[in-house]
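Let's take a friendly walk through a protein model together. Have the picture ready, and follow along as we go from one part to the next.

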Amino acid sequence: MDDPERAAIRQRRMQEMMKGAGGPGGSFPQNKEQQEAQEEQKREAEERRQMMLARVLTPEARERLSRIALVKPEKARGVEDLILRSAQYGQITEKVSEDRLISLLEQINEQSQKKTTTVTFQRRRSVLDDDD
């Protein structure tokens, strides 16, 4: 793995651990062994995810995706999910290049722009206002 990817993975793990330690837990307090087991499962799942992405993406595409993750983690996670789902269903037959990744990002941007909502203000008219 490249150093920026390792740093990004470590940063995600630290954020997950901080959320788990500082955030509100479930309604039942868990003992230390259960928490450690859950953290280990999360780490293993993240490592499997990164391994699958390494098989599907070219190094340039992985680098671009890691840079996007630094700025917009939600968007990068969504793109990763899309790529992994496509790979699992056999829609991706070759490695995803940087150009293909850029086109996927553009498609996602277009879809998200279409979903934006607009707000219209209707101001109340005063009794004294005259429309004439």
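The model you are looking at is predicted. Let's begin with an empty space inside it, the largest cavity. Helix 1 contributes the most to the lining of this cavity, giving 4 residues. Helix 1 covers residues 3–22, and it shares the work with helix 2 (32–56) and helix 3 (59–71), since each of these helices supplies at least two residues of the lining.

How do we find such a space at all? Rolling a probe the size of a water molecule over the atoms shows where empty space is left. With a cut-off of 30 Å³ or more, the count for this model comes to 1 cavity, and the largest cavity has a volume of about 130 Å³.

Now try to find the lining on your screen. Among the residues around the largest cavity are Glu-5, Ala-8, Ile-9 and Arg-12, along with Gln-50, Leu-53, Ala-54 and Leu-57. Arg-62, Leu-65, Ser-66 and Glu-80 also line the cavity. What kinds of residues are these? The lining of the largest cavity divides into 6 nonpolar, 2 polar and 4 charged residues.

Next, let's turn to the second largest pocket, which holds about 350 Å³ of space. Which helix gives the most to its lining? Helix 1 does, with 6 residues. Helix 1, helix 3 and helix 4 each supply at least two residues of the lining of this pocket. Look for Gln-11, Gln-15, Glu-16 and Lys-19, which are among the lining residues, and then for Leu-70, Pro-73 and Arg-77, which also belong to the lining. By class, the pocket's lining has 5 nonpolar, 2 polar and 5 charged residues. You may recognise a few names from before: Ala-8, Arg-12 and Glu-80 line the largest cavity, and they line the second largest pocket too.

Helix 4 leads us to the last stop. Two packed helices are described by the angle between their axes and the distance between the axes. Helix 4 (residues 73–88) packs with helix 5 (residues 98–114) at an angle of about 115°, and their axes are 11 Å apart. That angle makes helix 4 roughly perpendicular to helix 5, and the crossing of the two is right-handed.

Which residues make the contact? Helix 4 brings Lys-75, Val-79, Leu-82 and Ile-83, while helix 5 brings Leu-101, Leu-104, Leu-105, Ile-108 and Asn-109. The residues of this contact divide into 7 nonpolar, 1 polar and 1 charged.

Terms used. Residues are numbered from 1 along each chain as its sequence is written. This is a predicted model: local features need pLDDT of at least 70, side-chain atom pairs count only at pLDDT 80 or more; totals for chains, interfaces and linings use all residues. Side-chain values use heavy atoms; hydrogens and water are left out. Axes are lines fitted to C-alpha atoms, for helices over the stretch in contact, and angles run from 0 to 180 degrees between N-to-C directions. Angles under 35 degrees count as roughly parallel, over 145 as roughly antiparallel, 65 to 115 as roughly perpendicular and the rest as oblique. A crossing is left-handed if the near helix is turned anticlockwise from the far one by less than a right angle, and right-handed if clockwise. Contact means heavy atoms within 4.5 Å. Ala, Val, Leu, Ile, Met, Phe, Trp, Tyr, Cys and Pro count as nonpolar, Asp, Glu, Lys and Arg as charged, and the others, Gly among them, as polar. On a 1 Å grid over the protein atoms alone, a cavity is a set of points where a 1.4 Å probe fits but cannot get out, and a pocket is an open set with protein on both sides within 12 Å along at least five of seven lines; lining residues have an atom within 4 Å of a point. Grid points are joined across faces, edges and corners, and a volume is the space filled by probe spheres set on the points.
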